[in-house]
Amino acid sequence: MSSASKPTSSENIVSQKYDRCMADLVVKAGVGFGVGVVASVILFRRRAWPVALSTGFGAGAAYADCDRSFNPARIPGTRIIPASTEESK
């Protein structure tokens, strides 16, 4: 057995990011749904809009995290420095 690991293919990297995004969506939308149900029962006399609103907030947060995962240039304060082909010195 060799101790060197094989390089990960780009398809596997994208697949792992996608799986992480889907899991994050399920968790955050589920937490939002739960918070909405509790808020609906306790505060808003069993109305439906708190459930929909908080589920949407959870899904939106998951979408933003997924967007940052696939496109790191969208992270505030991040600069992309192009690689130069030759050094100027």
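**Exercise 1. Find how many salt bridges this predicted model holds, and trace how they connect.**

Solution.

Step 1. The count comes to 3 salt bridges in this predicted model. The criterion is a side-chain nitrogen of Lys or Arg within 4 Å of a carboxyl oxygen of Asp or Glu.

Step 2. Take K28 and D24. Their side chains meet in a salt bridge, with N to O at 3.6 Å. K28 and D24 are 4 residues apart in helix α1, so about one helical turn separates them.

Step 3. K28 also pairs with D65, where the closest N and O atoms are 2.3 Å apart. This pair links distant parts of the chain, since D65 is in helix α2 and K28 in helix α1, 37 residues apart.

Step 4. D65 in turn meets R68 in a salt bridge of 2.8 Å, N to O. Both lie in helix α2, 3 residues apart, which is about one turn of the helix.

Step 5. Through shared partners, the salt bridges join D24, K28, D65 and R68 into one network.

**Exercise 2. Classify K28, D24, D65 and R68 as buried, partly exposed or exposed.**

Solution.

Step 1. Buried means under 20% relative accessible area and exposed means over 50%, with partly exposed in between.

Step 2. Compare each value with these limits. K28 has 26% and is therefore partly exposed. D24, at 22%, is partly exposed. D65 has 29% and is partly exposed. R68, at 37%, is partly exposed as well.

**Exercise 3. Describe the disulfide and state which helices it connects.**

Solution.

Step 1. The structure holds 1 disulfide. It joins C21 to C66, with an S to S distance of 2.2 Å.

Step 2. C21 belongs to helix α1 and C66 to helix α2, 45 residues apart, so the pair links distant parts of the chain.

Step 3. The torsion about the S-S bond of C21 and C66 is about 100°, and the disulfide is therefore right-handed.

Step 4. C21 and C66 are both buried. In the protein chain, buried residues make up 13% of the 89 residues.

**Exercise 4. Locate the nonpolar surface patch and place I42 within it.**

Solution.

Step 1. The chain has 2 helices and 0 strands. Each of the helices, α1 (10-42) and α2 (49-70), supplies at least two residues of the patch.

Step 2. The patch includes F33, V37, I42, W49 and F57, among others, and its residues together have about 990 Å² of accessible area. α1 gives the largest share, 5 residues.

Step 3. I42 lies in helix α1. Its relative accessible area is 62%, so I42 is exposed.

Technical notes. Residues are numbered from 1 along each chain as its sequence is written. This is a predicted model: local features need pLDDT of at least 70, side-chain atom pairs count only at pLDDT 80 or more; totals for chains, interfaces and linings use all residues. Side-chain values use heavy atoms; hydrogens and water are left out. Patches are made of residues with over 30% relative accessible area and no salt bridge: like charges are joined within 9 Å, nonpolar side chains (Val, Leu, Ile, Met, Phe, Trp, Tyr) within 5 Å. Accessible areas come from the Shrake-Rupley method with a 1.4 Å probe; for residues, only the protein chains shown count as cover. Buried means under 20% relative accessible area, exposed over 50%, partly exposed in between (1.4 Å probe, protein chains only). A disulfide is a pair of cysteine sulfur atoms within 2.5 Å.
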